[in-house]
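Thank you for making the time this morning. I would like to walk you through one structure, going element by element, and I will explain the terms as they come up.

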Amino acid sequence: MSNHIELKGISQSFEINDSKITLFEHLDLSIYQGQSYTITGPSGAGKSSLLMLASGLEQVTSGSSSYIQGSQIGPLSDLRTDSGFIFQQFHLLPELTAINNVALPLKLRGDNQALVKAEAWLNKVGLGHRRDHKPSELSGGEQQRVAIARALVFEPKFIFADEPTGNLDQASANEVANILFDCCLENGAALVLVTHCNELASKAQHTFLLANGQLITKANNTQEVLSC
Ligand SMILES: Nc1ncnc2c1ncn2[C@@H]1O[C@H](COP(=O)(O)OP(=O)(O)OP(=O)(O)O)[C@@H](O)[C@H]1O
């Protein structure tokens, strides 16, 4: 059963010191399992805000957001359970080692293979040798790779990634981008990725530009090697 997310006519604005900032108005977006999507756009355009609404982490105040499970509309709490998140600020638990951070989503789901699977994912992101290190003992890029392993370890149906390669060097960025897009292909997951890197964006099946409150579909132009 393939699931998808439907955002219809959503708007987002904020009142700050009596002035109103409108990020987007009457915006539509559909996200299907097995498809990859990237959103680029200038700083402050509302890319992260759109990701929060699409993933159900924040509720829409105008328009509608639905999680369609097969032919039925499911609760947004199901969408959150089915989704892996990669944030700009990592959000790792500081008191847990790398392996225990990665194993956490599996342990919460009662998986008795949690540590074995977490170790396999740490190896996949090149951090098997740092399994017993806490986040404060890892670099920013290493913490990001732990966060990526944690987001993917339970094979989510939807992956939401906000600037996932922003803290990584060129080689690690390429590796991580490949892992994310492979996960989409191999597990039939949807990948929704916010990035400032046009080359990374062009690897997706659907590329959007968010600017001036509009979500514009961009022509696709897949490239193999990232230079950002
Ligand atoms: N809860 C909030 N209250 C007030 N303003 C907010 C809130 N959330 C976001 N904003 C504002 O909305 C604007 C868009 O923020 P957002 O982080 O979505 O942009 P972005 O396109 O992801 O930016 P960047 O590329 O710099 O990360 C910013 O000006 C931000 O300050």
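**Helices against the sheet**

Let me begin with helix α1, which lies across β3 (36-40), β7, β8 and β9 (206-211), and which runs at about 155 degrees to β8. Helix α6, residues 170-187, lies across β3, β7 and β8, and its direction is also about 155 degrees to β8.

Before going on, I should say that this is a predicted model, in which local features need pLDDT of at least 70 and side-chain atom pairs count only at pLDDT 80 or more, while totals for chains, interfaces and linings use all residues. Residues are numbered from 1 along each chain as its sequence is written.

As for the words I use, helices (H or I, at least four residues) and strands (E, at least two) are DSSP runs, numbered from the N terminus. Axes are lines fitted to C-alpha atoms, for helices over the stretch in contact, and angles run from 0 to 180 degrees between N-to-C directions. Two residues are in contact if their C-beta atoms, placed from the backbone, lie within 7 Å.

Now to the strands themselves, where two strands pair if DSSP finds at least two bridges between them. An open sheet of six strands, with mixed pairing, follows the order β6-β7-β8-β3-β9-β10. Which strands are at its edges? They are β6 (83-86) and β10 (214-218), each of which pairs on one side only. On average, and with direction ignored, neighbouring strands of this sheet are turned by 20 degrees against each other. Within the sheet, β7 (residues 158-162) and β8 (residues 190-194) pair in the parallel sense over five bridges, and Ile-159 has Leu-191 as its bridge partner in β8.

Another pairing is that of β1 with β2 (residues 19-32), which run antiparallel and are joined by 10 bridges. Glu-15 has Lys-20 as its bridge partner in β2, and in the hairpin of these strands, with two residues between them, Asn-17 takes a positive phi near 50 degrees.

**Around the ligand**

The ligand is surrounded by a shell of residues, among them Phe-14, Ile-16, Leu-23, Lys-47 and Ser-48, where a residue counts as near if its C-beta atom, placed from the backbone, lies within 6 Å. The elements giving two or more residues to this shell are β1 (3-16) and α1 (47-54), and α1 gives the most, with three residues. By class, the shell has four nonpolar, six polar and one charged residues; here Ala, Val, Leu, Ile, Met, Phe, Trp, Tyr, Cys and Pro count as nonpolar, Asp, Glu, Lys and Arg as charged, and the others, Gly among them, as polar.

**Helix α3 and its partners**

Finally, α3 (residues 98-108) and α4 (residues 114-124) pack at an angle of about 125 degrees, with their axes 8 Å apart. That makes α3 oblique to α4, given that angles under 35 degrees count as roughly parallel, over 145 as roughly antiparallel, 65 to 115 as roughly perpendicular and the rest as oblique. The contact includes Val-102 and Leu-106 of α3 and Trp-121 and Leu-122 of α4, and by class it has 10 nonpolar, no polar and three charged residues.

How do α3 and α5 (residues 140-152) pack, and at what angle? Their angle is about 25 degrees, with the axes 7 Å apart, and that makes α3 roughly parallel to α5. Among the residues making this contact are Asn-101 of α3 and Arg-150 of α5.
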